[in-house]
Amino acid sequence: MNRRLFMTQAALGASALVNANASPLFHTADTRKLGIALVGLGTYSNVQLGPALQHTERCRLAGIVTGTPAKAQEWMQKYNVAKENIYDYQTFDRIADNPNIDIVYVVLPNSMHAEYVIRAAKAGKHVICEKPMGLNVGECEQMVQACKKAGVKLSVGYRLYFEPHHLEVRRLAQSKELGTVKLMETALGFSMANPNSWRLNRQMGGGGAIMDLGVYAIQGARRTIGEDPIAVTAQGFVRDKTVFKDIYESMFFQMEFPGGALSNSTTTYTSYVDRLHATTGHEWFGLQPAFNATGAKGDSSKGKIDLATPPFQQIRQMDAFAASIIDNTEPIASAAEGIKDLRIIDAIVRSADTGRRIEIDWKRT
C-alpha cells in the first residue's frame, strides 16, 4: 500500500468521525519511525502484527521477546531482526538499555498483561497492550499508574478504532443521517473446544469468551452509538461442562444507553457468529462480518458500505500510537477505554451470576 492510498483512506476515516480527536492523521512533519518490540510470538504476532509492521509509516519492527529459541531464529531471518534486539523473558528488563526500541507491544495471555506492561514502563518504554487490557479494573489501574510514573504512554490494541467500515457506521449513527439508532445487535463467536487453550483457563484468560471476544461486541454497540451503557442484563450458559469449567461457554447480554437506545449482544466459544446491526426504525445499517481481522463488509437500507481498506487493520492502529508519541497527544485507543470495557464486562458477569440487572455508575472513580 503506497503513501497516497494510506493518507487518502486516513482522511476518509477522519472525515467519517463525529469526534475529531479520533483521527489517526499525523500532526507534525516529524517522519521518524519508532521501533516496536513484540512480546510474545504466538499466532496474532505471527499472522497479523509482524506482517502489518512491514507496511507501517511511523513505526517498524525493531525487536522481539520470546521464550522459544526456534522462533527467535525464524524471526531474525524472516524480518532481519538484529540479534542484540532479541530478548527472552529472563532478559526482558535489559530492554531498558536499548535505544532502538521505543515501544513494547505486549501480546501475551491476559494474566501476563499487567506484569509486562509495568515492567516495560519501568524500562522507560511506551506500551501497547493487547485486549482485554487486564484481568480486572484494579490491574488496569496499576498499569496506568506505572506508565504515568515512568512518563510513558499506554495504549490498548484496539485495531477497529481505525477500520474504515467501523468509522463509517459510527458516522451514520452519530450524525443521525439515517435517523436515531433505537436498537443494535452485536455478536462475535467461534468454536473453541480445546480444553488445553489458555483462553479456557480462568486464571490465564480471565473468564472465557466474554473476556476474549466480548470487548468487540461491547464496543461495537457503545462506540457506534457514541454513548456508554448505564445498565446491563446478562445470561450465561454452559452446554459442554467437560470443556468449559468455571467459565461461561456463551453469554447473551443487553445494554441500556442514556439516550434510550438498547443493544443485544452475543459472545460465544461454541459457534461462528460475526455481526453488527443497527436500526433507526425503517432505516438500518450494519457489518457482516464485522469484527474479524481479515476485513469487514457493510450494507445499509441505502446501499452497500464498501470502503477500501489497508492490508492489515493494525497498520493504522500502530501508526496512530507512534504518532501520539511523536506529537505528545493522548492515544486514541487509550487505557481509559480499556478500563471502561473491563468495568462493563464486570457488570455483565455479575448480572449473569446473579440474574439481576446491574447499573453502571460512570461517576464512580
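Me: What makes two strands count as paired in this predicted model?

Reply: Two strands pair if DSSP finds at least two bridges between them. In this predicted model, an open sheet of nine strands is found, with mixed pairing and the order β14-β13-β12-β11-β7-β10-β9-β8-β15.

Me: Why are β7 and β10 called paired strands?

Reply: Strand β7 (residues 183-189) and strand β10 (residues 262-268) are joined over seven bridges. The definition asks for at least two bridges, so the two strands count as a pair. Their pairing is in the parallel sense, and A187 has T266 in β10 as its bridge partner.

Me: Which strands are the edge strands of the sheet, and what makes them so?

Reply: The edge strands are β14 (303-305) and β15 (358-359), each of which pairs on one side only.

Me: Which strands does helix α9 touch?

Reply: Helix α9 (residues 214-225) packs on the sheet and touches β7, β9 (250-256), β10, β11 and β12. The direction of helix α9 makes about 155° with that of β7.

Me: Why is the pair of F92 and Y116 called edge-to-face?

Reply: The search of the whole structure finds eight aromatic pairs. In the pair of F92 and Y116, the centres are 5.2 Å apart and the planes make an angle of 75°. Rings pair if their centres lie within 6.5 Å, and planes over 60 degrees apart count as edge-to-face; both conditions are met, therefore the name applies. F92 lies in the loop between β3 (86-87) and β4 (103-106), and Y116 lies in helix α4 (residues 113-122), so the pair ties together parts that are 24 residues apart in sequence. Ring pairs also link Y89, F92 and Y116 into a cluster.

Me: How do you know whether F92 and Y116 are buried or exposed?

Reply: Buried means under 20% relative accessible area. F92 has 0% relative accessibility and Y116 has 4%, so each counts as buried.

Me: Why is the pair of Y161 and F162 called tilted?

Reply: Y161 and F162 have planes 40° apart, with 6.5 Å from centre to centre. An angle under 30 degrees would count as stacked and one over 60 as edge-to-face; 40° meets neither condition, so the pair is tilted. Both Y161 and F162 are buried.

Me: What makes R223 count as a charge over the ring of Y161?

Reply: R223 lies over the face of Y161, at 3.5 Å from the ring centre. The distance limit is 6 Å, so 3.5 Å satisfies that part of the definition.

Methods. Residues are numbered from 1 along each chain as its sequence is written. This is a predicted model: local features need pLDDT of at least 70, side-chain atom pairs count only at pLDDT 80 or more; totals for chains, interfaces and linings use all residues. Side-chain values use heavy atoms; hydrogens and water are left out. Rings of Phe, Tyr and Trp (its six-membered ring) pair if their centres lie within 6.5 Å; planes under 30 degrees apart count as stacked, over 60 as edge-to-face and the rest as tilted. Helices (H or I, at least four residues) and strands (E, at least two) are DSSP runs, numbered from the N terminus. Buried means under 20% relative accessible area, exposed over 50%, partly exposed in between (1.4 Å probe, protein chains only). A charge sits over a ring if NZ of Lys or CZ of Arg is within 6 Å of the ring centre and within 35 degrees of the ring normal. Contact means heavy atoms within 4.5 Å. Axes are lines fitted to C-alpha atoms, for helices over the stretch in contact, and angles run from 0 to 180 degrees between N-to-C directions.
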